Structures are given as C-alpha cells and as structure tokens.
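Trainee: I would like to learn how to read cavities and sheets in a model. Where do we start?

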Amino acid sequence: IRVEAPAKKSVSQKVSVSNWMRTAQRFAVYVEPVDGQFDPSVEVKAPSTIDIPASSSRDIRISVYVYNEGVNAFTLRFLNQQTGEYLFMMWKFTQR
C-alpha cells in the first residue's frame, strides 16, 4: 500500500483483512518497521487484535502521523497465535 500525505498531518487509511478459514479467527496485529527500527518521528496506530468471522473480512483503520518529511515503510502483520498462520501488508508512506 502506497500513501502520499503532507507531514505533520494525521492520515487514516481503511484496510480490509480477510479470514480464509471456515472458523472465526483472532489476529494479533503487529506494526513492524521494514528497516529494523522506526524513525522516532513516526506514529502508527492500529488495533492490537482483530476478530474476523468465518469466511469473511473486516475493515480496520490504520492511522499514521509523521512529524518530518521523508519516506517511511512498515509492515502490518496479522498473526493467528493459535495456528501460527499470518498475513501481512507492506506500507510505504511518503510525506512532503
């Protein structure tokens, strides 16, 4: 997912997360930097867990606030802690 936005302004993005199983799943949500550490000027807000009914999807909102101009990349990882299965989305934010 690529997003361009002005710096020093909160940006909110809706994403859809799908459950491919025939049973409900609970996913732990992890925000992980691509390069190993977050720039301290970046704030990413996401729910800590998400419950998705069987064979359906759910929309969640991710909010990003960046204090400085530049490019920041992170991965959203959705982990089912019971089965170890996961899905992920890579994000690239460009602030101008």
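Mentor: Start with the space inside. This is a predicted model. Its largest cavity encloses about 40 Å³.

Trainee: How many cavities of 30 Å³ or more does the structure hold?

Mentor: The count is 1.

Trainee: Which residues line the largest cavity?

Mentor: Read the lining along the chain. Ala5, Pro6, Lys9 and Val11 are among the lining residues. Val64, Tyr65 and Val66 also belong to the lining, and so do Phe93 and Gln95.

Trainee: Which elements give two or more residues to that lining?

Mentor: Two strands do: S6 (57-66) and S8 (86-95). The largest share comes from S6, with 3 residues.

Trainee: How does the lining divide into nonpolar, polar and charged residues?

Mentor: There are 7 nonpolar residues, 1 polar and 1 charged.

Trainee: Now the sheets. What is the general idea of strand pairing?

Mentor: Backbone hydrogen bonds pair the strands of a sheet, in a parallel or an antiparallel sense. Then read the strand order. One open sheet here has 3 strands, ordered S2-S6-S4, with antiparallel pairing.

Trainee: Which strands are at the edges of that sheet?

Mentor: Strand S2 (11-18) and strand S4 (42-45). Each of these edge strands pairs on one side only. From one strand to the next, the twist averages 25 degrees.

Trainee: Over how many bridges do S4 and S6 pair?

Mentor: Over 4 bridges, in the antiparallel sense. For a residue-level view, find Glu43, which stands opposite Tyr65 in S6. Tyr65 also appears in the lining of the largest cavity.

Trainee: What is the strand order in the sheet of 5 strands?

Mentor: Read it as S1-S8-S7-S3-S5. This sheet is open too, and its pairing is mixed.

Trainee: Why is one side of S1 and of S5 left without a neighbour in the sheet?

Mentor: Strand S1 (2-5) and strand S5 (49-52) are at the edges, each with a single partner strand, so one side of each has no neighbour in the sheet. The twist in this sheet averages 25 degrees from one strand to the next.

Trainee: In which sense do S3 and S5 pair, parallel or antiparallel?

Mentor: Antiparallel, over 4 bridges, with strand S3 covering residues 25-33. Which residue stands opposite Thr49 in S5?

Trainee: Ala28 does. Can you tie the cavity back to the sheets?

Mentor: Follow the two strands that each give two or more residues to the lining, S6 and S8. S6 sits between S2 and S4 in the order of the antiparallel sheet. S8 sits between S1 and S7 in the order of the mixed one.

Notes: Residues are numbered from 1 along each chain as its sequence is written. This is a predicted model: local features need pLDDT of at least 70, side-chain atom pairs count only at pLDDT 80 or more; totals for chains, interfaces and linings use all residues. Side-chain values use heavy atoms; hydrogens and water are left out. On a 1 Å grid over the protein atoms alone, a cavity is a set of points where a 1.4 Å probe fits but cannot get out, and a pocket is an open set with protein on both sides within 12 Å along at least five of seven lines; lining residues have an atom within 4 Å of a point. Grid points are joined across faces, edges and corners, and a volume is the space filled by probe spheres set on the points. Ala, Val, Leu, Ile, Met, Phe, Trp, Tyr, Cys and Pro count as nonpolar, Asp, Glu, Lys and Arg as charged, and the others, Gly among them, as polar. Two strands pair if DSSP finds at least two bridges between them. Axes are lines fitted to C-alpha atoms, for helices over the stretch in contact, and angles run from 0 to 180 degrees between N-to-C directions.
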